[in-house]
Amino acid sequence: PLADEDSIVYFRIWKTPQRDLLVQTLWRSGLVATRQDRWNVLWGARLKEEQYQTLNPHQKVSHFPGTWHIGRKDHLFRHLQRMKRTHGAAEYPFVPQMYFLPQEIRLL
């Protein structure tokens with residue numbers, strides 16, 4: 001057990017279904033669940049832009065602005081394709097050919 005309340009790391013799950021695996025992982029890592037505004041780790045939906053401005057330095061969130069650009073494979077691929085056109089395909093040999101079905105089924 002931790003000696004004082006200031007050394008406890010709190011997590012809050014916000015606007016997302018509470019998954020048993022996630023909660024068990026956080027608990028086993030020594031974090032304590034809370035529903036209050038006093039939290040260190042926030043797991044859940046993206047915050048609104050103005051909410052990011054109010055975060056304290058010790059607070060961490062599971063999403064930050066623009067993450068859908070790399071978190072969604074179709075967005076990531078489109079960005080990588082644009083970079084290949086800009087800088088040359090030789091700079092991106094790790095990007096496989098990909099299609100967006102059903103829009104591009106004719107290309108197969």
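A salt bridge is a side-chain nitrogen of Lys or Arg within 4 Å of a carboxyl oxygen of Asp or Glu. With that in mind, good morning, and let us turn to the structure above. Please remember throughout that this is a predicted model.

I begin with Arg72 and Asp74, whose side chains meet in a salt bridge, with 2.6 Å from N to O. Asp74 has a second partner, Arg78, and here the closest N and O atoms are 3.8 Å apart. That value still counts, because the limit is 4 Å. How far apart along helix H4 are Arg78 and Asp74? They are four residues apart in this helix, which spans residues 73-87, and so about one helical turn separates them. Through the partner they share, Arg72, Asp74 and Arg78 are joined into one network of salt bridges.

Is Asp74 buried or exposed? Asp74 is buried, because its relative accessible area is 18% and the cut-off for a buried residue is under 20%. Its two partners are placed otherwise: Arg72 is partly exposed, at 44%, and Arg78 is partly exposed as well, at 43%.

How many salt bridges are there by this rule? The count comes to three. The one not yet mentioned is formed by Asp37 and Arg12, with 3.3 Å between the closest N and O atoms. This pair links distant parts of the chain, for the two residues are 25 residues apart. Arg12 belongs to strand S1, residues 10-14, whereas Asp37 sits in the loop between strand S2 (32-33) and strand S3 (41-44). Asp37 is exposed, with a relative accessible area of 63%. As a general remark, side chains of opposite charge can pair when their charged atoms come close.

Let me now step back to the overall fold. The protein contains four helices and four strands. Along the sequence they follow the pattern β-α-β-β-α-β-α-α. Of the 108 residues in the protein, 22% are buried. If we take the contacts with a separation of 6 or more, 30% of them are between residues 24 or more positions apart.

How are the four strands ordered in the sheet? The sheet is open, its order is S2-S1-S3-S4, and the pairing is parallel. S2 and S4 are the edge strands; each has a single partner strand, so one side of each has no neighbour in the sheet. In general, strands of a sheet pair through backbone hydrogen bonds, either parallel or antiparallel.

Strand S3 deserves a closer look. S1 and S3 run parallel and are joined by four bridges. Within this pairing, Arg12 stands opposite Leu42, and Ile13 has Trp43 as its bridge partner. On to strand S4, residues 60-61: two bridges join this strand to S3, again in parallel. There, Val41 is partnered by Lys60.

Which side chains of S3 point to the buried face? Leu42 and Gly44 point to one face and are buried, while Val41 and Trp43 point to the other and are not. The side chains thus alternate along the strand.

Finally, I come to the pockets. The largest pocket holds about 180 Å³ of space. Its lining is made up of Phe11, Arg12, Ile13, Gln18, Val23, Trp27, Ala33, Thr34 and Arg35. Which element gives the largest share of this lining? That is S1, with three residues. Both S1 and helix H1 (20-28) supply at least two residues each. By type, the lining divides into five nonpolar, two polar and two charged residues.

The second largest pocket has about 150 Å³ of space. Arg12 and Asp37, the salt-bridge pair described earlier, are among its lining residues. Others there include Trp14, Trp39, Leu42, Leu47 and Gln51. This lining divides into five nonpolar, three polar and two charged residues.

To close, I would draw your attention once more to Arg12. This residue forms a salt bridge with Asp37 and stands opposite Leu42 in S3. Arg12 also lines the largest pocket and the second largest pocket. Thank you for your attention.

Methods:
Residues are numbered from 1 along each chain as its sequence is written. This is a predicted model: local features need pLDDT of at least 70, side-chain atom pairs count only at pLDDT 80 or more; totals for chains, interfaces and linings use all residues. Side-chain values use heavy atoms; hydrogens and water are left out. Buried means under 20% relative accessible area, exposed over 50%, partly exposed in between (1.4 Å probe, protein chains only). On a 1 Å grid over the protein atoms alone, a cavity is a set of points where a 1.4 Å probe fits but cannot get out, and a pocket is an open set with protein on both sides within 12 Å along at least five of seven lines; lining residues have an atom within 4 Å of a point. Grid points are joined across faces, edges and corners, and a volume is the space filled by probe spheres set on the points. Ala, Val, Leu, Ile, Met, Phe, Trp, Tyr, Cys and Pro count as nonpolar, Asp, Glu, Lys and Arg as charged, and the others, Gly among them, as polar. Two strands pair if DSSP finds at least two bridges between them. Contact means heavy atoms within 4.5 Å.
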